[in-house]
Structure formats: C-alpha cells, structure tokens
Amino acid sequence: MSVSAARRAQGRSHGAERTLTSVVGVLAVLAGAAALVVGVGWLGQFRGHRPVLDPIAVDWLGDHALYARIGALVLGVLLLVLGLWWFFRSLRPERRPDLRLDETSGAELTVTASALSDAVQADAESIDGVTRARTRSVGTVAEPALRITLWLAEGTDVRRVWSDLDTFVLTRARDSLGVDTLPTAVRLELDTAGSARVH
Amino acid sequence: MRVVVRLLSTLLALAVAAGGALLALEVGWAWWQPDKAPLLVPWPRWKTELAAVDWSSTPVRIAAGIVAVAGIVLVLLALSAKDRAVRMADPADGITVSASPRALARLVGVAVRAQDNVRGASVTASARRVRVRATSRLENEEQLRPRLLETVDGVLDDLPLQRRPKVSVVVDSPKDRR
C-alpha cells in the first residue's frame with residue numbers, strides 16, 4: 001500500500017483529465033469522419049445527397065415525440081451533471097493534508113502541512129550536493145504522503161544523494177514524527193544556477 | 001503540455017455542462033410552451049438551415065473536416081500529457097525516486113562535453129532513450145563515437161535507473177564530409 005501511495009505522490013494525477021479529453025477527441029474524430037464518409041458518397045450517392053436534417057429522421061422523431069423529449073431532457077441533465085463534476089475536478093487544487101499523529105479526543109496532535117514540509121525541507125537541504133529542496137504534503141488525510149523536489153549541484157554523485165535520502169532525511173522525519181511509514185516521492189532536478197556551461 | 005490539457009479539459013467540461021443545460025432547457029420549454037419562441041437557442045432557424053444543405057455540400061464537408069482535425073489534436077494533446085519522469089529504483093520501501101528527463105539529459109551532456117575533442121553536444125533524454133548529438137573538429141565519427149558511447153554508458157551505470165534507456169550517439173564532424 002505504501003509503495004503505491006508513494007508512487008501516487010510523484011505527481012498530480014492527470015488521468016481523468018487526459019481520459020475525458022481523449023474521449024471527446026475520439027468522438028469528434030468519429031463524428032467528423034462519419035459526416036465526411038456520408039458526404040463523399042461511400043454509403044451510397046442517394047444517402048450523400050439527402051439533407052443534413054433528414055425529413056425521414058424528423059418524421060420518426062415526431063412519431064415518438066414523448067420518448068424523444070424525455071430522452072433529450074435526461075441526456076441534457078446528465079451532460080450538465082457530468083460537465084459540472086468534470087469542471088470542478090479539473091479546477092480543484094491539489095490537497096495539502098495535515099498529518100494527524102494522535103486522534104484520541106482531548107489529546108489530538110496534528111502536524112500542519114507547512115510545518116511538516118518545512119522540517120523535511122531543512123533536512124533535505126543539508127544533504128551534501130543538494131542546493132535547493134521543495135517539500136509539500138500530498139495525498140489524503142487518511143493517507144498523507146510527501147513530495148520532495150531536490151535540485152542537485154552539477155557534479156553531484158546522484159547515487160549517494162539517492163541513498164542519503166532514506167538513511168538521513170526520511171528516517172529522521174519518521175522518527176521525530178513517530179510514524180512507521182511516510183510514503184515519499186522524490187523528484188530530482190539538476191540546478192542550473194551558478195554552473196558554467198561547457199562548450 | 002499538462003497545463004494545456006488541464007486548461008482544455010476545464011473548457012471542455014464547461015462546454016459539456018452548458019450544452020447539457022441548454023438542451024434540457026430548450027426541450028423542456030418547447031414541451032411546456034410549444035407555441036412560444038425558444039428561450040436562448042434559435043433552433044427553429046437552425047432546423048430550416050440544416051434541412052436546406054445536403055451531406056455532400058462544401059460547408060458540411062469543411063465543418064466535418066474541422067471537427068475531425070480538432071478531435072485528432074485533442075487526442076494527441078491528451079496523449080502527450082503523460083508523466084515523463086525517469087523512474088529510479090526505490091531506495092527503500094515506501095519511497096519512490098524519479099528524475100526529470102532534463103536532469104538526465106544535463107548529466108549526460110556535462111559528461112559528453114567534458115570529453116576531449118568534443119566541441120559541443122546536444123542531448124535529449126527520456127525514460128526509454130538518450131540521444132546525443134556531438135560536434136567535433138578533430139575526430140571523425142568512427143573515432144569519437146565509441147568513446148562517447150562508453151561515456152554515456154558510464155553515466156547511466158552510475159545512476160540507479162529502474163530501466164536502462166537505449167543510447168544513440170551521432171557525431172557531426174567536418175572530417176567526415178571530406
């Protein structure tokens with residue numbers, strides 16, 4: 001479980017946005033292609049020269065007016081609900097959950113998201129070769145995780161930083177918070193500031 | 001790309017919601033007050049206009065082409081918005097590490113440029129592939145390429161990468177043009 005939480009913490013999820021955008025794209029491609037196919041006459045010349053709003057279809061709808069109206073109303077409401085859900089989901093900022101260490105009533109102990117990230121950030125920046133660090137809490141209140149972005153100085157031994165992270169920074173964070181697991185995603189960047197480009 | 005997709009996705013969501021609302025509103029209104037004019041959408045006019053054009057007319061074909069191309073663009077954008085981070089091995093349980101492709105490219109680039117007789121180098125990197133294009137005046141491709149391949153391999157060996165990218169090196173040298 002903790003592995004997947006750490007993996008999820010790697011970056012903000014774009015799955016729903018990507019899927020829905022692709023679905024709209026695929027529908028548009030299919031609709032456009034279908035209209036072109038009909039227009040070119042691959043479904044018969046007769047079909048291609050019928051009006052776009054075909055009287056046959058209009059008559060059929062007129063014969064089934066009740067069902068057509070109910071269907072259109074339901075479809076409209078469904079699209080409205082789907083669109084609103086999708087809209088607020090796309091706009092929702094990524095959560096920064098606090099860490100709840102103790103939930104016994106009267107003795108609650110909560111580490112706020114900013115306190116947690118400040119503490120880990122200071123530790124991470126003290127690793128040799130790390131010029132900057134940015135830390136934030138991600139995930140849900142039930143399953144909080146950390147995301148750490150480290151900027152390394154040029155010429156840093158990445159493998160050493162990679163192993164120092166757990167032994168030094170995260171072990172300390174877990175010890176001081178008194179938790180067994182703290183799912184963490186680390187993103188490494190190379191710092192460009194202060195380094196001369198070799199040509 | 002990810003920001004673009006998030007923005008597009010928000011706009012599409014608004015469009016879907018607005019379309020659904022208008023559809024329900026107009027159908028409901030026309031059902032309740034069949035003799036009155038439509039509320040917001042002049043659909044009776046659209047109806048007569050659509051009844052006048054046939055599928056093979058130019059405007060319909062152009063509109064269909066635009067819709068299809070827009071759909072292809074949407075799909076391509078959505079596909080390109082995937083996470084490009086280069087995964088590294090987990091140093092411990094519950095910790096994942098990744099590097100940005102740019103960081104990997106810079107690591108490789110620094111090592112390649114530090115080699116003798118390399119005048120310049122451009123590197124692009126992803127989780128699957130590292131491409132190096134180096135220029136040299138003093139050595140031709142045959143002499144320099146094996147050395148650069150070794151250098152890049154050395155850099156990749158030092159990184160705890162989860163999967164090793166394929167390496168391709170191209171040397172651009174005036175000596176080869178003679």
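Start by selecting A:Gly139 and A:Pro144: these two are bridge partners, with A:Pro144 sitting in strand S4 of chain A. What you have open is a predicted model, where local features need pLDDT of at least 70, side-chain atom pairs count only at pLDDT 80 or more, and totals for chains, interfaces and linings use all residues. Residues are numbered from 1 along each chain as its sequence is written, while chains are lettered from A and ligands numbered from 1 in the order in which they are written.

Now widen the selection to residues 130-139 of chain A, which is strand S3. (Strands are DSSP runs of E with at least two residues, helices are runs of H or I with at least four, and both are numbered from the N terminus.) S3(A) and S4(A) run antiparallel and are joined by 9 bridges; two strands pair if DSSP finds at least two bridges between them. With 4 residues between them, S3(A) and S4(A) form a hairpin.

Next, pick residues 144-152 of chain A, the whole of S4(A). Is this strand buried or exposed? Of its 9 residues, 8 are buried, so S4(A) is largely enclosed by the rest of the structure. (Buried takes 20 or more other C-beta atoms within 10 Å of a residue's own, exposed 12 or fewer, partly exposed in between, with C-beta atoms placed from the backbone.)

Add residues 184-190 of chain A, strand S5, which runs parallel to S4(A) through 7 bridges. A:Thr149 has A:Arg187 in S5(A) as its bridge partner. Colour in helix H7, residues 158-177 of chain A, too: S4(A), H7(A) and S5(A) make a right-handed β-α-β unit. (Right-handed here: with the strands pointing away from you, the path from the first strand over the helix to the second runs clockwise.)

Time to hop over to chain B. Its strands S3, S4 and S5 form an open sheet of 3 strands in the order S3-S4-S5, with mixed pairing. S3(B), at 120-125, and S5(B), at 166-172, stand at the edges with a single partner strand each, so one side of each is left without a neighbour in the sheet. Select residues 129-135 of chain B for S4(B), which is antiparallel to S3(B) and joined to that strand by 6 bridges. Within this pair, B:Ala125 stands opposite B:Val130.

Last stop: zoom out on chain B. You can colour domain 1 (2-80) and domain 2 (97-177) separately, with bounds that come from an automatic or database domain assignment. Taken over C-alpha atoms, the centres of these two domains of chain B are 50 Å apart.
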